Amino acid sequence: MYISTLILKNFRNHSYASFDFSHRINVIEGDNGTGKTNIAEAIYYLSIARSFRGAENTDLILEGKEKGEIQACVHEGKITRQINIAIVKEGRLITVGGKPVRKLSELSKCVNVVLFEPEDVFVFKGSPKARRNYLDISLSKKSVVYLDYISRYEKVLKQRNNILKSPSIDRVLLDATTEMLIKLSAPIIKFRQMYVKDINQTLSKIMHALTGESKTIELVYEPFVAYDDNFIDTAKKAFEKGLDADLKKKSTSIGIHREDFYAVYDGANIASHGSQGENRMAAISLKLAPYFLIEDKDKRPIVVLDDVMSELDDNHKAKLIEFLNKMDQVFITATNLEIDDAAIYKLKKKEKEVF
């Protein structure tokens, strides 16, 4: 999968920008403030219709304009798709081949992007929420069924929390939403366990390629209760035990929305025992791992690395570049980066208009 052309209109700081990309490595180069990350953001937006920076629609539109646009020509084997996204303050309109896209799952089928951003270096040391987001986004791109389960779970969770916040709690309705959460949790946990198992098949190989070290790294997933033949009964008991806390806090304190995973590197938790460099390379390895879980090469994701090189020494830069050369389309943002045979796109700072 690769993007051949990208056009931005009134998107972030780009009033108009047009690119013809290489289907291999593309380097977006320029000083700070030139809009390198904005291009990475636009490419990612094509996949999930959401900013990886948590930006609202109004933040994506060039100041003073009513609408921002992203247009791209995306290739998947012999299939070519023209994707247009119009962003306004009230929402967005997405079309693929001129036909409106009603569900985000339809867009994810057309464009798959894996992203590394600077904040990802703290993925193992940071909040569990960031790690859950990694699982949910990665799995939602891989499976429409998972996306449906997690979407339904979030709706029921919101209903349960609203019940807990109400002045007079309807216990029958509370029990019904609790039961629904438990039923939805079972397949979600199963998906997560299988995905972590798949990631572990390739994670150590990537880490070894990027570091030269032969140490093993493995993700350890922690479901809120053990997933076995007694899951339903065990989960019910866990919710019953946590009910007093839920009533006091007026929110659901346990469940798949509170789960976590950690990484064991060379026999120890990398967050507490690994060096900053080891955590950085482990984070990059984790973000690249989904690329190798897709057997159909035409469907393998576009790789976007935002400012990944700035904190790497020359040895690790060389190893990462060598590894990226094995992939299909890759985008790297940097202030200055030389890669043999890479396509270089240099951005310049725009002068402010004077009236």
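## Two buried cysteines

Let's start with C110, which is buried, with a relative accessible area of 10%. Keep in mind as you look around that this is a predicted model. C73 is buried as well, its relative accessible area being 13%.

Are these two cysteines bonded or apart? The sulfur of C110 lies 12 Å from the closest cysteine sulfur, that of C73, and this is too far for a bond, because a disulfide needs the two sulfur atoms within 2.5 Å. A search of the whole structure finds 0 disulfides. C73 is accordingly in no disulfide, with the sulfur of C110 as its nearest cysteine sulfur, 12 Å away.

## The largest pocket

Next comes the largest pocket, which has a volume of about 1,500 Å³. Its lining is made up of 49 residues. If you would like to find its centre on screen, look for I48, D136, I137, S138 and S140, the lining residues that lie nearest to that point.

Which elements each supply at least two residues of this lining? They are α1 (36-48), α3 (104-110), β8 (113-116), α4 (128-142) and α5 (144-165). Of the elements that contribute, α4 gives the most, with 9 residues. By residue class, the lining of the largest pocket divides into 22 nonpolar, 11 polar and 16 charged residues.

## Strands β5, β6 and β7

Now for some strand pairing. Strand β5 (residues 79-88) pairs with strand β6 (residues 91-96) in the antiparallel sense, over 6 bridges. A hairpin of 2 residues joins β5 to β6. A handy pair to click on is I83 and V96, since V96 in β6 is the bridge partner of I83.

β6 also pairs with strand β7 (residues 99-100), again in the antiparallel sense, here over 2 bridges. T95 has P100 in β7 as its bridge partner. The hairpin of β6 and β7 has 2 residues between the strands, and within this hairpin G97 takes a positive phi near 60 degrees. As you follow these strands, a general point may help: in a regular strand, side chains alternate between the two faces of the sheet.

## Strands β9, β10 and β11

Further along the chain, strand β9 (residues 217-222) and strand β10 (residues 260-265) are antiparallel partners, paired over 6 bridges. L219 stands opposite A263 in β10.

β10 is in turn joined to strand β11 (residues 268-269) by 2 bridges, and these two strands run antiparallel. Here Y265 stands opposite A268 in β11. What does the backbone do at D266 in the hairpin of β10 and β11? D266 takes a positive phi near 55 degrees, in a hairpin with 2 residues between the strands.

## N200, from helix to strand

Our last stop is N200, a residue of helix α6 (residues 171-211). Is N200 buried or exposed? N200 has a relative accessible area of 18%, so it counts as buried, the limit being under 20%.

Which residues does N200 touch, leaving aside its neighbours within four places in sequence? N200 is in contact with E218 and L219. L219 will be familiar from the strand section, as the residue that stands opposite A263 in β10. Both E218 and L219 fall within the span of β9, residues 217-222, and through these contacts N200 links α6 with that strand.

Terms used:
Residues numbered from 1 in each chain as written. Predicted model: local features only at pLDDT ≥ 70, side-chain atom pairs only at ≥ 80, totals over all residues. Heavy atoms only, no water. 1 Å grid on protein atoms, 1.4 Å probe; cavity = no way out; pocket = protein on both sides within 12 Å on 5 of 7 lines; lining within 4 Å. Points joined across faces, edges and corners; volume = space filled by probe spheres on them. Helix = DSSP H or I, 4+ residues; strand = E, 2+ residues; numbered from the N terminus. Nonpolar A, V, L, I, M, F, W, Y, C, P; charged D, E, K, R; others polar. Buried < 20%, exposed > 50% of the residue type's maximum accessible area, 1.4 Å probe, protein only. Pairing = 2+ DSSP bridges. Contact = heavy atoms within 4.5 Å.
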